[in-house]
Amino acid sequence: MAAHDISAIGEPNVVKIEATSSLHDHSNQDNGISHQEAMLKLNEGLAEIIQGDPLLCDLPPKITLEEVNSQIALEYGQAMTVNVKKANGDILPIVVVQGATVQHLKQAIKRHVQLKQAREGQTKHISWRYVWKTYWLYCDGQKLMDNNKPIKDYGIRNRSEVTFMRRLRQK
């Protein structure tokens with residue numbers, strides 16, 4: 001059983017989380033709260049802190065550590081947002097670090113879609129191998145062909161738009 005104490009210290013954006021554990025007592029009789037209840041309270045407290053923070057308030061309630069780190073990197077100019085336009089017109093705001101390659105962008109798109117599906121309760125499987133064999137990513141008329149090439153070499157900057165385009169068969 002772990003007891004958690006969440007308190008803001010000093011600066012408004014600093015959160016201190018202390019966890020103490022009792023190795024000799026695993027019963028819930030003395031503690032009055034189950035592990036599941038403690039985790040629920042911790043998650044509720046973190047969600048409250050995130051929603052109250054001006055840098056992190058745009059993030060969804062059930063956030064991953066990776067999303068928090070990406071948002072912080074954006075604020076410090078260490079990352080950029082690339083708007084990926086799907087065939088149906090939907091735009092996905094994808095966060096990648098400065099100096100990311102085409103492969104990093106593709107991995108970030110995959111993570112974004114998987115997180116979105118999980119949050120919406122969708123269980124549809126996407127074959128990413130099929131996606132990348134069937135579609136190119138385009139930016140300003142250029143195919144992003146080389147997975148190892150930095151996306152900046154294709155002229156992609158913060159808030160640039162990249163689109164999915166169906167590949168034509170080569171004979």
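**Sheet, helices and salt bridges in a predicted model**

Q: Is Arg 111 buried, partly exposed or exposed?
A: The structure is a predicted model, and the class of a residue within it follows from its relative accessible area, where buried means under 20% and exposed means over 50%. The relative accessibility of Arg 111 is 34%, so this residue counts as partly exposed.

Q: With which side chain does Arg 111 meet in a salt bridge?
A: Side chains of opposite charge can pair when their charged atoms come close. The arginine lies in helix α3 and its partner lies in helix α2, so the pair ties together parts of the chain that are 45 residues apart in sequence. That partner is itself partly exposed, with a relative accessible area of 40%. At 2.5 Å, N to O, the side chain that meets Arg 111 is that of Glu 66.

Q: In the salt bridge of Arg 119 and Glu 67, which residue is buried?
A: A search of the whole structure finds two salt bridges, and one of them joins the side chains of Arg 119 and Glu 67 at 2.5 Å, N to O. This pair links distant parts of the chain, since Arg 119 belongs to helix α3 and Glu 67 to helix α2, with their positions 52 residues apart in sequence. Arg 119 has a relative accessibility of 36% and therefore counts as partly exposed. Its partner has a relative accessible area of 17%, which is under the 20% that defines burial, and so the buried residue is Glu 67.

Q: Against which elements do the buried residues of α2 pack?
A: Helix α2, residues 65–75, lies across β3 and β4 and runs at about 110 degrees to β3. Its buried residues are Glu 67, Val 68, Gln 71 and Ala 73, and just after the helix Gly 77 takes a positive phi of about 75 degrees. The elements against which those buried residues pack are β3 and α3.

Q: Which strands stand at the edges of the five-stranded sheet?
A: The five strands form an open sheet with mixed pairing. Within it, β3 and β7 run parallel and are joined by three bridges, whereas β5 and β7 run antiparallel and are joined by four. A strand at an edge has a single partner, so one of its sides is left without a neighbour in the sheet. By this reasoning the edge strands are β4 and β6.

Q: Which residue of β6 is the bridge partner of Tyr 138?
A: Strands β5 and β6 run antiparallel and are joined by two bridges. Tyr 138 also stands opposite Thr 163 in β7, while in β6 its bridge partner is Lys 143.

Q: Which side chains of β4 point to one face and are buried?
A: In a regular strand the side chains alternate between the two faces of the sheet. Strand β4 pairs with β3 in the antiparallel sense over seven bridges, one of which sets Ala 79 against Val 97. Along β4, Ile 91, Pro 93, Val 95 and Val 97 point to one face and are not buried. The side chains that point to the other face and are buried are those of Leu 92, Ile 94 and Val 96.

Q: Which element supplies the largest share of the largest nonpolar core?
A: In soluble globular proteins, nonpolar side chains tend to be buried together. The largest nonpolar core here has 23 residues, and those with the most contacts inside it are Val 82, Val 96, Leu 105, Ile 109 and Ile 151. At least two residues of this core come from each of β3, β4, α3, α4, β5 and β7. The largest share, five residues, comes from α3.

Q: What angle does the direction of α3 make with that of β4?
A: Helix α3 packs on the sheet, where β3, β4, β5 and β7 are the strands that the helix touches. Relative to the direction of β4, that of α3 makes an angle of about 130 degrees.

Q: How far apart in space are Gln 51 and Pro 61, C-alpha to C-alpha?
A: Gln 51 lies in helix α1, residues 35–52, and a relative accessible area of 41% makes this residue partly exposed. Leaving aside neighbours within four places in sequence, Gln 51 is in contact with Cys 57, Leu 59, Pro 60 and Pro 61. Gln 51 and Pro 61 are 10 residues apart in sequence, and in space their C-alpha atoms are separated by 7.8 Å.

Notes: Residues numbered from 1 in each chain as written. Predicted model: local features only at pLDDT ≥ 70, side-chain atom pairs only at ≥ 80, totals over all residues. Heavy atoms only, no water. Buried < 20%, exposed > 50% of the residue type's maximum accessible area, 1.4 Å probe, protein only. Contact = heavy atoms within 4.5 Å. Pairing = 2+ DSSP bridges. Core = buried A, V, L, I, M, F, W, Y, C linked by side-chain atoms within 4.5 Å. Axes fitted to C-alpha atoms, helices over the stretch in contact; angles between N-to-C directions. Salt bridge = Lys/Arg side-chain N within 4 Å of Asp/Glu carboxyl O.
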